[in-house]
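Thank you all for making the time this morning. I would like to walk through one structure, taking the charged pairs before the enclosed spaces and the backbone, and I will put it on the screen now.

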Amino acid sequence: MINFRYHVVSIIGIFIALAVGVVLGAGPLQSRIQAGVSTSSSTAATDPQLSAQADAEAAGLKALASSALSGSLAGAKVALVVLPGASDDDVSALRSTLTDAGASVVGRVTLSDNWQSTSMSQYRTTLSTTLASHLASPAAKTASADGVVGYSIVQVLTTTGAETDLLRQILTDESTPIMTVDEDANGSATAIVAVGPRAQAAAASNATPAAVTSNSDAWVGLAQAVGSTSGVLVGDASTREAMVSQVRASGTVVTTVDSVGTTLATVDTALALASPATTARAFGVGNGAQSVIPPTK
């Protein structure tokens with residue numbers, strides 16, 4: 001569970017890294033961070049002094065990062081994919097950081113539980129056969145059923161044309177929608193940022209009936225498609241069972257950022273978009289993280 005002590009220790013690490021302009025390794029630093037968050041979350045959450053310190057550190061980090069991020073995403077056209085359970089506040093914070101860095105947020109879609117629920121796996125498998133016939137990406141030809149769904153979502157956001165229009169109609173079908181279009185990108189996006197729920201929200205989702213139990217295959221499939229745009233998957237990796245942890249363990253070629261809901265996560269997302277790569281990268285302090293922040297120039 002992300003708490004104030006998590007914020008403070010994470011932010012101290014990012015301050016140091018940004019100040020000296022180096023990437024910190026996830027090994028020894030991650031051990032210290034995990035030790036720092038061992039205190040119970042209830043104590044941290046009710047400690048006014050710790051709360052005030054976290055707020056001050058977050059504000060300082062945002063101010064410090066602004067100089068490194070300013071103009072770094074000029075010309076970038078980003079579409080947001082909001083996953084089930086994601087916080088609107090977290091999405092808004094990411095949008096603000098991306099636009100401050102010079103990016104244009106050109107569209108937003110929200111995925112339904114049909115996209116990830118275990119009970120709808122067979123439906124997605126059947127649907128993927130139809131979707132695949134309209135996909136332009138060569139990589140989608142060998143993707144899993146959930147991968148085909150992921151590539152279809154990305155194609156709707158990044159391209160135009162008759163085939164893309166058909167994909168959109170299928171994905172937004174009112175009877176069993178995979179997604180809803182909140183802001184139409186009109187196919188103009190060049191990169192995707194997919195935003196998942198915080199640890200608390202993810203835990204609550206997993207406690208619900210099987211009809212809305214998350215399927216990691218859906219996350220991996222979407223991650224493959226997001227990776228094809230040099231985009232970023234942001235979410236929770238606080239446990240090995242968390243979805244971002246499972247994406248990392250799968251070896252999918254995508255950039256992941258953990259600690260969603262923190263200033264660290266928003267800064268990491270913008271920095272990662274500004275330094276795209278063709279390999280799997282994992283930033284943050286959660287399970288499987290390779291370093292706290294992406295390379296800074």
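Let me begin with a question: is Asp90 buried or exposed? Please keep in mind while you look that this is a predicted model. Asp90 turns out to be buried, with a relative accessible area of 4%. Its side chain has a charged partner, since Arg198 forms a salt bridge with Asp90 in which the closest N and O atoms are 2.7 Å apart. This pair links distant parts of the chain, for Arg198 sits in the loop between β4 (191–195) and α9 (199–206), whereas Asp90 belongs to helix α5, and the two are 108 residues apart. Arg198, for its part, is partly exposed, with a relative accessible area of 30%.

That bridge is one of 7 salt bridges counted in the model. Another joins the side chains of Arg108 and Asp88, with an N to O distance of 3.5 Å. Here again distant parts of the chain are linked, with Arg108 in strand β2 (residues 104–111) and Asp88 in helix α5 (residues 88–100), 20 residues apart. Arg108 also meets Asp182 in a salt bridge, at 3.1 Å from N to O. Because Asp182 lies in strand β3 and Arg108 in strand β2, this pair ties together parts that are 74 residues apart in sequence. Taken together, Asp88, Arg108 and Asp182 are linked in a network of salt bridges. As for how these residues sit relative to the surface, Arg108 counts as buried at 16% relative accessibility, while Asp182 is partly exposed, with a relative accessible area of 39%.

Let me turn to the enclosed spaces. How many cavities of 30 Å³ or more does the structure hold? There are 2 of them, and the largest contains about 40 Å³ of space. Its lining is made up of Gly227, Ser230, Gly231, Val253, Val254, Thr255, Ala277 and Thr279. Sorted by class, that lining has 3 nonpolar and 5 polar residues, and no charged ones.

The second largest cavity holds about 30 Å³ of space, and charged residues do appear around it, the lining being divided into 5 nonpolar, 1 polar and 3 charged residues. Among the residues that line this second cavity are Arg168, Glu183 and Asp184, along with Val109, Val156 and Asn186. Helix α7 (145–158) and strand β3 (179–183) each supply at least two residues of this lining.

Asn186 brings me to the backbone. Besides lining the second largest cavity, Asn186 has a phi near 50°, which is a positive value in a residue other than glycine. Asn186 is placed in the loop between β3 and β4, and at 54% relative accessibility it counts as exposed.

Where, then, does Ser259 lie? Ser259 is found in the loop between β6 (255–257) and α12 (263–274), and although Ser259 is not a glycine, its phi is positive, at about 65°. At 2% relative accessibility, Ser259 counts as buried, whereas Asn186 counts as exposed.

I will stop there, and I am glad to go back to any of these residues on the screen.

Key. Residues numbered from 1 in each chain as written. Predicted model: local features only at pLDDT ≥ 70, side-chain atom pairs only at ≥ 80, totals over all residues. Heavy atoms only, no water. 1 Å grid on protein atoms, 1.4 Å probe; cavity = no way out; pocket = protein on both sides within 12 Å on 5 of 7 lines; lining within 4 Å. Points joined across faces, edges and corners; volume = space filled by probe spheres on them. Nonpolar A, V, L, I, M, F, W, Y, C, P; charged D, E, K, R; others polar. Helix = DSSP H or I, 4+ residues; strand = E, 2+ residues; numbered from the N terminus. Salt bridge = Lys/Arg side-chain N within 4 Å of Asp/Glu carboxyl O. Buried < 20%, exposed > 50% of the residue type's maximum accessible area, 1.4 Å probe, protein only.
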